[in-house]
Amino acid sequence: MEKIYERVSFTSKTSPTGYCPGCGHGTAHKLFARALEHFNLRDKTVLVYPVGCGGLAMPWINVNVIGAAHGRAGAIATAIKRANPENFVISYQGDGDLAAIGTAETIHAANRGESITVIFINNANFGMTGGQMAPTTMLGQTATTAQSGRSLEEHGAPLRMAEMIATLDAPKYVARFALHDAKNILKAQQGIMKAVELQVKGEGYSFVELISMCPTNWKKSPAECANYIDETVLKAFPLGVFKDVK
Amino acid sequence: MAKIEIDKEFCKSCGLCVKECPKQIIQIGRTVNSKGYNVAEQTDESQCIGCKLCAIVCPDMAITVYK
Amino acid sequence: MSKEFIKGNEAIAEAAVRAGCRFFAGYPITPQNEVPEYLSARLPEVGGHFIQGESEIASVFMVFGVAATGIRSMTSSSGPGFALKSEGISFLAGGQIPAVLVNVSRGGPAIGTIEPAQQDYFSAVHAPAPGGFRCFVIAPQNVQEAADFVYEAFDIADKYRTPVYVLADGMIGNMMEVVELPKMRDLAELPSNDSWRFNKYNDDGSARILSTYMPMGELMQKKNKEMAAMYEAWEKNEQRWEEYMVDDAEYIVTAYGSSARIAKSAVKELRAEGVKVGLIRAITLFPFPKDAFAKLDYAKVKKMFCAEMSIPGQYIYDVQNAVLGQSQIIPIQTSGGVILETDMVVAAVKENL
């Protein structure tokens, strides 16, 4: 028998990522690492990491990485790519990093049409710090800083970043996928391949939002998280490709 | 003829492969890895069709699939 | 060498380009606007890159990112902008990333005024951001020095892998003077940064991680100690000041930047009237020129004066720390954009003879 599925070649061979069991960050890393492998980009890659759970794979990914300050990955990725166009630049961010403190950097990098690939992990809470409300926390969803649940009156509705970014002229590919089952993961893999290919061909800005499970702070088992995504999360965050400029 | 290999040290016992397997031939076993996770294991290799769904859904690339 | 009649902000910008700066990110704020304006056109001419960031904090992190790939980078702003940039400066220091920061400071706090002042001294010299690190801080007093110090700042930054903070003010930024601009550096002559820039893989193929996070206190403490040792080396080797007619002086006026230039005029005027007064001008603000004050003969020095454009005073604290109570230090201060005048210094000295 021959291998028909194996681990990405350059990531750690000795220990897994630092993410919790069932966490979407792990899956997201697998997908973009696979794309780097597919396009043979590892040696040119510069990975801009956020502050938050997203950065927990730093020793595992074995790719040149720079740890941004919270919210500033969009600016760092912009500038590194401008000054080093031969590098392949990914801005990997969670919802606190990208949609709360980093909203300005996110929107302006997109609006300038920087030739970078943004991978946005939406797990509807601040994970690393223990489950506080994020801009993507859903109405009615509880969080440690919204203990009776998010309310429209007090907290406003969750931000739909992909749709917002898609209204800008410059971005070429903007999509949202989910990572809670094999069918959706395969679609997400295709989307990430497309986004990465755009940058490889130097054709501009791509933004991929990934609905991800956070078993620890959702207080659900990974399997229950998958059902929760189907029943609840996808209603607040519809999946789809919001922009795909040829 | 197909089978999977689960890297004991990479499995975090999240159970997503168990949920995804169309033949329901993966379970969380009694073997514990160095981090204290009960590791997933394939119960009946003969029924494995090499569909790779378990490997696709595994967040930690713990599963290698052969066919 | 080419002489030009040029505005301070533009001299700063051109000097940076000649020093090998090939990346600038900044944001509009008076009184430094000509720096980004000039570089937006000039940098592309030399194969460099300019970005007007969406904010000062975005801009300083753009500099952090590019400087981390080994490209000489600079940002400039004024007081309010530096308040926003502080986290980025902390990352430059903590990440040991060389970069040049230019503050063309103005009256404060808050929006303050757009007129020159020296009210950013503490933040520049003692705490550009939380975390206890320091920047190498150097203060020009005119347009020539603004160009020279920015030019030299890039070498200091590379030598120590640190942010270098050029503390100017609105007067220097907006004055036009005749300046000899330094020669254009050949980028090939610049020191290689392949040993540390993070977008290069190690020889064994392993990746480089530029993270300012330390998983354990012991690791952070080790880095803090390394940085403290670097600051001691600065204090030992890099103190810089100017002395003017100090040898026989019975009165000493001390100041830095524009205030020192004004104070010098006062010293000349007083000397013409037979008063034995001298000037000590701090050029590096960190490392603070303690030695200039340590070697004074306090038996001869009757009184000292500290001229600065900041109320409450800030520079005066470091002077007091260097004088160690061996002399009275009388403050001569304006603030908020009110510019110090020669007559004020002359009058203050005369009142205290």
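How many residue pairs are in polar contact across the interface of chain A and chain B? The rule finds 12 such pairs, both residues at pLDDT 80 or more; a polar contact is a pair of N or O atoms within 3.5 Å, where within protein one must be able to donate a hydrogen and the other to accept it, and residues adjacent in sequence count only if both atoms are side-chain atoms.

This is a predicted model, in which local features need pLDDT of at least 70 and side-chain atom pairs count only at pLDDT 80 or more, while totals for chains, interfaces and linings use all residues. Residues are numbered from 1 along each chain as its sequence is written, chains are lettered from A in the order in which they are written, and side-chain values use heavy atoms, with hydrogens and water left out.

The table sets out the two interfaces of chain A. Contact means heavy atoms within 4.5 Å, and buried area is the accessible area (1.4 Å probe) that two parts lose on being put together, summed over both.

| Interface | Residues in contact | Buried area |
|---|---|---|
| Chain A and chain B | 35 residues of chain A, 29 residues of chain B | about 2,600 Å² |
| Chain A and chain C | 28 residues of chain A, 30 residues of chain C | about 2,300 Å² |

**Chain A with chain B**

Carbon and sulfur atoms give 68% of the area buried here. On the side of chain A, Met1(A), Tyr5(A) and Arg7(A) lose the most area to chain B, together 28% of what that side buries. Arg7(A) also takes part in a salt bridge with Asp7(B) (3.2 Å, N to O); the term denotes a side-chain nitrogen of Lys or Arg within 4 Å of a carboxyl oxygen of Asp or Glu. Tyr5(A), in turn, stands opposite Val65(B) in strand E4(B). Two bridges join E1(A) to E4(B), residues 63–66, and these strands run antiparallel. Strands (E, at least two residues) are DSSP runs numbered from the N terminus, and two of them pair if DSSP finds at least two bridges between them.

**Chain A with chain C**

Of the area buried between these chains, 62% lies on carbon and sulfur atoms. Asn64(A), Ile66(A) and Arg82(A) supply 23% of the area that chain A buries against chain C, more than any other three residues. Ile66(A) stands opposite Leu210(C) in strand E9(C). Two bridges join E3(A) to E9(C), residues 209–210, and here the strands run parallel. A salt bridge links Arg112(A) and Glu54(C), with the closest N and O atoms 2.8 Å apart. The rule finds 13 residue pairs in polar contact across this interface.

Methods. Helices (H or I, at least four residues) and strands (E, at least two) are DSSP runs, numbered from the N terminus.
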